[in-house]
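The following note is intended for a colleague who is reading this model for the first time. Please keep the sequence and the structure at hand while going through the numbered points.

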Amino acid sequence: MQACRTTSKARGHFVSAFWQTAKVAVVSIILINLFAFAVAYALTRGIRGANLFRSVFFMPNLIGGIVLGYIWNTIFAGVLRGYNTALNSTWVSGASSSCTVRSRWVT
């Protein structure tokens, strides 16, 4: 009998936590969308400094791509440097012959 009471008590905590989470989710979705619409409205009205604000607001999207580019540059330049010399002659010769065949087909 004690086990049934424990599970019903735990179930009550779960349901309470579920509804609390649902309330927080609904309120946060509404507030975030209202804030986003307010910012979008302010930027489309042509206020002074709107272009600067757009640039600062969009900056995190650019930073991620720039960092990813540096990471891939490091991988290709440093880590794969040894593979480059071994594969370079094979890939270049294959590419030049396929380009030659393609140019002969085109002309």
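1. Phe18 is partly exposed, with a relative accessible area of 47%; partly exposed lies between buried (under 20% relative accessible area) and exposed (over 50%), using a 1.4 Å probe and protein chains only. The model is predicted: local features need pLDDT of at least 70, side-chain atom pairs count only at pLDDT 80 or more, and totals for chains, interfaces and linings use all residues. Residues are numbered from 1 along each chain as its sequence is written, and side-chain values use heavy atoms, with hydrogens and water left out.

2. The structure holds three aromatic pairs, a pair being rings of Phe, Tyr and Trp (its six-membered ring) whose centres lie within 6.5 Å. One of them joins Phe18 and Trp19, at 5.3 Å centre to centre and 75° between the planes, and is edge-to-face (planes over 60 degrees apart; under 30 is stacked, and the rest are tilted). Phe14 joins Phe18 and Trp19 in one aromatic cluster.

3. The protein has three helices and zero strands, in the order α-α-α along the sequence. Helices (H or I, at least four residues) and strands (E, at least two) are DSSP runs, numbered from the N terminus. Of the 107 residues, 3% count as buried.

4. The accessible surface, from the Shrake-Rupley method with a 1.4 Å probe, comes to about 9,800 Å², and 71% of this belongs to carbon and sulfur atoms. Trp72, in helix 2 (residues 50-79), is partly exposed at 44% relative accessibility. Trp72 also belongs to a nonpolar surface patch of about 1,100 Å², whose members include Phe58, Met59, Leu62 and Phe76. Such a patch joins nonpolar side chains within 5 Å, from residues with over 30% relative accessible area and no salt bridge (a side-chain nitrogen of Lys or Arg within 4 Å of a carboxyl oxygen of Asp or Glu).

5. How far does the confidence reach? The mean pLDDT (the predictor's confidence in each residue, from 0 to 100) is 76, and 65% of residues reach 70 or more. Among the elements, helix 1 (residues 2-44) has the highest mean, 86, and helix 3 (residues 81-106) the lowest, 52. Over residues 96-105 the pLDDT is below 50, and this stretch has zero contacts beyond near neighbours in sequence (contact means heavy atoms within 4.5 Å). Where pLDDT is low, the predicted coordinates should not be read in detail.

Terms used. Patch = residues over 30% accessible without salt bridge, like charges linked within 9 Å, V, L, I, M, F, W, Y side chains within 5 Å.
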